[in-house]
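Colleague: I'd love a close look at a single part of this model, the interior packing around one strand. Could you walk me through it?

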Amino acid sequence: MRFTMDPTATPFSVRRYGDDGIVIGERLLTRPLVVTADRLIAEWTTQPLAALQAADLEPVFALGVEVLLIGTRAAERIAPLEIRRACRTRGLALESMELGAACRTFNVLLAEGRMVGAALFP
């Protein structure tokens with residue numbers, strides 16, 4: 001899916017997502033990544049969502065986001081219990097959803113000025 005250019009978009013907005021990966025700014029990414037309004041962690045993990053552990057999210061927790069979106073193409077979209085507990089303990093709102101929905105939601109929350117992060121699994 002292609003998005004139209006938004007003059008208020010940040011350099012880390014999701015520009016496009018599809019079968020070939022996710023475009024953040026001008027960069028095509030094909031591996032799991034974390035993105036916020038001002039940070040991109042492109043070499044984040046190689047694990048699928050189901051194998052993720054709380055320690056894998058430490059770089060995300062350090063970014064100080066209030067909302068974390070998890071987006072994946074996998075049929076299983078619910079974050080593991082350990083991840084949900086770790087987010088709840090830190091007062092971090094967590095939402096797991098289909099990859100496209102996560103990309104769109106990330107851009108909307110970013111445009112609203114929210115402290116949002118997205119862990120995306122293309």
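Modeller: Happy to; what follows centres on one strand, its partners and the core around it. Please keep in mind that this is a predicted model.

Let's start with β8 (116-121). This strand is mostly covered, with six of its six residues buried. V116, A118 and L120 point one way from β8, while G117, A119 and F121 point the other way, and all are buried.

Now for the neighbours in the sheet. β8 pairs with β4 in the antiparallel sense, over four bridges, and L33 has L120 as its bridge partner in β8. With β6, the pairing of β8 is parallel and runs over six bridges; here the β8 partner of L69 is A118.

Several of these residues come up again in the largest nonpolar core, which has 21 residues. I22, I24, L33, V35, L69, F106 and L120 are the members that touch the most others. Two or more residues come from each of β1 (14-18), β2 (21-24), β4 (33-36), β6 (67-72), α3 (99-111) and β8. Of these elements, α3 gives the most, with six residues.

V35 is a nice place to see the packing up close. Leaving aside residues up to four places away in sequence, V35 touches F12, I24, L40 and F106, and also V116, G117, A118 and L120. There is a second, separate core as well: it has 19 residues, including V34, L57, V60 and I83. As a general background, nonpolar side chains tend to be buried together in soluble globular proteins.

Notes:
Residues numbered from 1 in each chain as written. Predicted model: local features only at pLDDT ≥ 70, side-chain atom pairs only at ≥ 80, totals over all residues. Heavy atoms only, no water. Core = buried A, V, L, I, M, F, W, Y, C linked by side-chain atoms within 4.5 Å. Buried < 20%, exposed > 50% of the residue type's maximum accessible area, 1.4 Å probe, protein only. Contact = heavy atoms within 4.5 Å. Pairing = 2+ DSSP bridges.
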